[in-house]
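User: I'd like to go through this model and ask what stands behind each label. Can you take me through it?

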Amino acid sequence: MQNTKKIPLPLEGGCQCGSLRYKCTKGPEVCYACHCKNCQKSAGSAFQISAIFEKSSVTLSGVTPKEWTFEADSGNKLVNLFCPECGTKVAAKKSDKPDLLTIKAGTLDDSALEWLDPIMHVWASKKMNWFDLPKDSKAIDKQPEESEMKEHIALWKERHE
Ligand SMILES: [Zn+2]
Ligand SMILES: [Zn+2]
């Protein structure tokens, strides 16, 4: 059986200037990287790493985040939460999944942790061509189907007991 990677709790993080902070008392349901153009723009980088948490396990503190709503092609609304002072995007929530909160994993205070390994790379068809996907992760060319998402949530749980 594969080694499981323990998540050190609580997890803490926040924006670049420190005005908007968060604390998570439970590990994420899953962690993945997205290489779509929207994520590249939003992150200003090659891809964005999302860690999806149960909303009830995350406490935001400090300033009230500024919200910006983006309507995806699917018709779902994605509400992005930013620090109003420095503009760092720290989290997002989906209109169809009100119980979940996506933390932008690069905003964790310690993002060099071993457990923080995106097990799925979505929109791999749009990835920057110099980036090679890790061999033990799954590449999905487009948006993952609900079934693929469920499969990876289960796999994540198995690896991060
Ligand atoms: Zn800030
Ligand atoms: Zn994306």
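User: What makes Cys15, Cys17, Cys83 and Cys86 donors of the zinc ion (ligand 1)?

Analyst: Donors are N, O and S atoms within 2.8 Å of the metal (3.2 Å for Na, K and Ca), and water is not among the atoms, so sites may look incomplete. The SG atoms of Cys15, Cys17, Cys83 and Cys86 lie 2.3 Å from the zinc ion (ligand 1), so they qualify. Keep in mind that this is a predicted model: local features need pLDDT of at least 70, side-chain atom pairs count only at pLDDT 80 or more, and totals for chains, interfaces and linings use all residues. Residues are numbered from 1 along each chain as its sequence is written, chains are lettered from A and ligands numbered from 1 in the order in which they are written, and side-chain values use heavy atoms, with hydrogens and water left out.

User: Why is the site of the zinc ion (ligand 1) called tetrahedral?

Analyst: Four donors get that label if all angles lie between 85 and 135 degrees. Here the angles among the four donor atoms are 106 to 111 degrees, so the site is tetrahedral. For reference, the ideal is 109.5 degrees for four tetrahedral donors.

User: What makes the pair Cys15 and Cys83 a tie between parts of the chain?

Analyst: Cys15 is in the loop between strands S1 (11–14) and S2 (20–24), while Cys83 is in the loop between S7 (77–82) and S8 (89–94), so the pair ties together parts 68 residues apart in sequence. Strands here are DSSP runs of E, at least two residues, numbered from the N terminus.

User: How do you know whether Cys15 is buried or exposed?

Analyst: Buried means under 20% relative accessible area, exposed over 50%, partly exposed in between (1.4 Å probe, protein chains only). Cys15 has 8% relative accessibility, so buried it is. Cys83, at 2%, also counts as buried.

User: How do you know that S1 and S2 pair?

Analyst: DSSP has to find at least two bridges between two strands. S1 and S2 have four, in the antiparallel sense, so they pair. Gly13 stands opposite Tyr22 in S2. S2 also pairs with strand S5 (residues 58–62), antiparallel over five bridges, and there Tyr22 has Leu60 as its bridge partner.

User: What makes the side chains along S2 alternate?

Analyst: Leu20, Tyr22 and Cys24 point to one face and are buried, whereas Arg21 and Lys23 point to the other and are not. That fits the general pattern: in a regular strand the side chains alternate between the two faces of the sheet.

Conventions:
Tetrahedral: all angles 85-135°; square planar, octahedral: opposite > 155°, others 65-115°.
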